[in-house]
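Good morning, colleagues. Please bring up the sequence and the structure on your screens, and I shall take you through the helices and the residues around them.

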Amino acid sequence: MSAFNVSKRKLTFPEEHVLVDWILASADRAMPPTLKKIGEHANGILEGRGKP
């Protein structure tokens, strides 16, 4: 990935993996999250590190 594209990322790679793991775990429990819930979870990750 180019340096320019990396600078536009909101989540770091480890944070992205946390989000993907949560999505897959939810789907495994037959409760796949909606796009809204995924966005809320991603925003929660960002808030956890102090970024709005």
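The face of H3 that is turned away from its buried side carries the exposed residues Lys36, Glu47 and Gly48. I should state at once that this is a predicted model.

Let us remain with helix H3, which covers residues 35-48. What length should its 14 residues span, and does the model fall short of that or agree with it? At 1.5 Å a residue, the expected span is 20 Å, and the end C-alpha atoms are 20 Å apart, so the two agree. The buried residues in H3 are Ala42, Ile45 and Leu46. Viewed down the axis of H3, the buried residues fall within an arc of 100°, and they therefore line one face of the helix. A general point applies here: an α-helix has 3.6 residues a turn, so residues three or four places apart point the same way.

Against which element do the buried residues of H3 pack? They pack against H2. Just after H3, Gly50 adopts a positive phi of about 90°.

I turn now to helix H2, residues 13-28. For H2, the same arithmetic takes 16 residues at 1.5 Å each and gives an expected span of 22 Å; the end C-alpha atoms are 22 Å apart, which agrees. Glu15, Leu19 and Ser26 are the buried residues of H2. Down the axis of H2, these buried residues fall within an arc of 45°, so they line one face of the helix. That buried set packs against H3. On the other side of H2, Pro14, His17 and Asp28 are exposed.

Two of the buried residues in H2 merit individual attention. The first topic is Glu15. Why is Glu15 classed as buried? Its relative accessible area is 13%, and the cut-off for a buried residue is under 20%. A polar atom of the Glu15 side chain lies 2.8 Å from the backbone nitrogen of Thr12. Leaving out residues up to four places away in sequence, Glu15 touches Lys10, Ile45 and Arg49. Of these contacts, Ile45 is one of the buried residues of H3.

The second topic is Ser26, which is also found in helix H2. Because its relative accessibility is 5%, Ser26 counts as buried. With residues up to four places away again set aside, Ser26 touches Met31, Pro32 and Pro33.

What is notable about the backbone where H2 gives way to the loop? H2 is followed by Ala30, whose phi is positive, near 60°. Ala30 has this positive phi although it is not a glycine. Ala30 is placed in the loop between H2 and H3. Is Ala30 buried or exposed? With a relative accessible area of 65%, Ala30 is exposed, the cut-off for that class being over 50%.

Next, the loop that precedes H2. Leu11 is found in the loop between helix H1 (3-8) and H2. Leu11 is buried, with a relative accessible area of 12%. Which residues does Leu11 contact, apart from its neighbours within four places in sequence? They are Glu16, Leu19, Ala42, Ile45, Leu46 and Arg49. Among them, Leu19 belongs to the buried residues of H2, while Ala42, Ile45 and Leu46 are buried in H3. Leu11 and Ala42 are 31 residues apart along the chain, and their C-alpha atoms are separated by 7.9 Å.

A second pair with a sequence separation of 31 residues is Leu46 and Glu15, whose C-alpha atoms are 8.7 Å apart. Leu46 lies in helix H3 and is buried, with a relative accessible area of 8%.

By way of contrast, consider Lys8, which lies in helix H1. At 51% relative accessibility, Lys8 counts as exposed. Lys8 and Pro33 are 25 residues apart in sequence, and their C-alpha atoms are 25 Å apart in space.

Finally, a word on aromatic residues. How many aromatic pairs are counted? The count comes to zero. There is, however, a charge placed over a ring: Arg9 lies over the face of Phe13, at 4.1 Å from the ring centre.

To close, I return to the two helices: the buried residues of H2 pack against H3, and those of H3 pack against H2. Thank you for your attention.

Methods. Residues are numbered from 1 along each chain as its sequence is written. This is a predicted model: local features need pLDDT of at least 70, side-chain atom pairs count only at pLDDT 80 or more; totals for chains, interfaces and linings use all residues. Side-chain values use heavy atoms; hydrogens and water are left out. Helices (H or I, at least four residues) and strands (E, at least two) are DSSP runs, numbered from the N terminus. Buried means under 20% relative accessible area, exposed over 50%, partly exposed in between (1.4 Å probe, protein chains only). A polar contact is a pair of N or O atoms within 3.5 Å; within protein, one must be able to donate a hydrogen and the other to accept it, and residues adjacent in sequence count only if both atoms are side-chain atoms. Contact means heavy atoms within 4.5 Å. The expected span of a helix is 1.5 Å times one less than its number of residues. The arc is that of the directions from the helix axis to the C-beta atoms. Rings of Phe, Tyr and Trp (its six-membered ring) pair if their centres lie within 6.5 Å; planes under 30 degrees apart count as stacked, over 60 as edge-to-face and the rest as tilted. A charge sits over a ring if NZ of Lys or CZ of Arg is within 6 Å of the ring centre and within 35 degrees of the ring normal.
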